[in-house]
Amino acid sequence: MEKLCELISSRSAMSSADVKAILDSLNWAMGLELRSGSIVQVGEFGSFRFSVRSKGADTEEAFNASMIKKARIIFTPGASLRWTSELAKFEEDDVKVVEKKNDGEGEDDRPVIE
């Protein structure tokens, strides 16, 4: 969060503290809107919506709140962020795996990556 605030601050007339205050307020306002059932659209950034998972029921009358398993927030990126993800490139890294002997001193048998 600190780095994000500094990056935004460097491109605007706001201080890093001002940016953080705005992002904190955005988080608070989004929480209110999501809890009320609204989809929150944040311009080109993307949209957020609330979703729940539940056990199934044969009829509407048979369903009750105790059947809800999990609630979550789903983010759908806007066009500019989707475009950014298309630019991502993945390359193999030169990672050397070294096996260590377990001398019984509390270490596990997983390989150590150097």
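The largest pocket is lined by L4, I8, I22, L23, L26, M30, V42, F45 and F48. This briefing describes a predicted model, in which the protein chain comprises three helices and five strands. The pocket, an aromatic cluster, the N-terminal contacts and the chain as a whole are treated in turn below.

**Largest pocket**
- The volume of the largest pocket is about 220 Å³.
- Its lining consists of nine nonpolar residues, with no polar and no charged ones.
- Both α1 and α2 (16–35) contribute at least two residues each to this lining.
- Helix α2 makes the greatest contribution, supplying four residues of the lining.
- Two phenylalanines, F45 and F48, are among the lining residues, and these residues also belong to the aromatic cluster described next.

**Aromatic contacts**
- Three aromatic pairs are present in the structure.
- In one of them, F48 and F75, the ring centres lie 4.8 Å apart and the planes meet at 40°; the pair is therefore classed as tilted, since that class covers angles that are neither under 30 degrees nor over 60.
- This pair connects distant parts of the chain, as F48 lies in strand β2 (residues 46–54) and F75 in strand β3 (residues 68–77), with their positions 27 residues apart in sequence.
- F48 has a relative accessible area of 15% and is buried, because the cut-off for that class is under 20%.
- F75, with a relative accessible area of 33%, is partly exposed, because this value falls between the 20% and 50% limits.
- Together with F45, the residues F48 and F75 make up one aromatic cluster.

**N-terminal segment**
- M1 lies in the segment that precedes α1 (2–10).
- Beyond its neighbours within four places in sequence, M1 has contacts with L23 and D24.
- The C-alpha atoms of M1 and L23 are 9.3 Å apart, while the two residues are separated by 22 residues in sequence.
- L23 is also one of the residues lining the largest pocket.

**Chain as a whole**
- Read from the N terminus, the order of elements in the protein chain is α-α-β-β-β-α-β-β.
- The protein chain has 114 residues, of which 12% count as buried.
- The exposed area of the protein chain is about 10100 Å², and carbon and sulfur atoms account for 52% of that area.
- Among contacts in the protein chain with a separation of 6 or more, 22% are between residues 24 or more positions apart.

How values were computed: Residues are numbered from 1 along each chain as its sequence is written. This is a predicted model: local features need pLDDT of at least 70, side-chain atom pairs count only at pLDDT 80 or more; totals for chains, interfaces and linings use all residues. Side-chain values use heavy atoms; hydrogens and water are left out. Buried means under 20% relative accessible area, exposed over 50%, partly exposed in between (1.4 Å probe, protein chains only). Contact means heavy atoms within 4.5 Å. Accessible areas come from the Shrake-Rupley method with a 1.4 Å probe; for residues, only the protein chains shown count as cover. Rings of Phe, Tyr and Trp (its six-membered ring) pair if their centres lie within 6.5 Å; planes under 30 degrees apart count as stacked, over 60 as edge-to-face and the rest as tilted. On a 1 Å grid over the protein atoms alone, a cavity is a set of points where a 1.4 Å probe fits but cannot get out, and a pocket is an open set with protein on both sides within 12 Å along at least five of seven lines; lining residues have an atom within 4 Å of a point. Grid points are joined across faces, edges and corners, and a volume is the space filled by probe spheres set on the points. Ala, Val, Leu, Ile, Met, Phe, Trp, Tyr, Cys and Pro count as nonpolar, Asp, Glu, Lys and Arg as charged, and the others, Gly among them, as polar.
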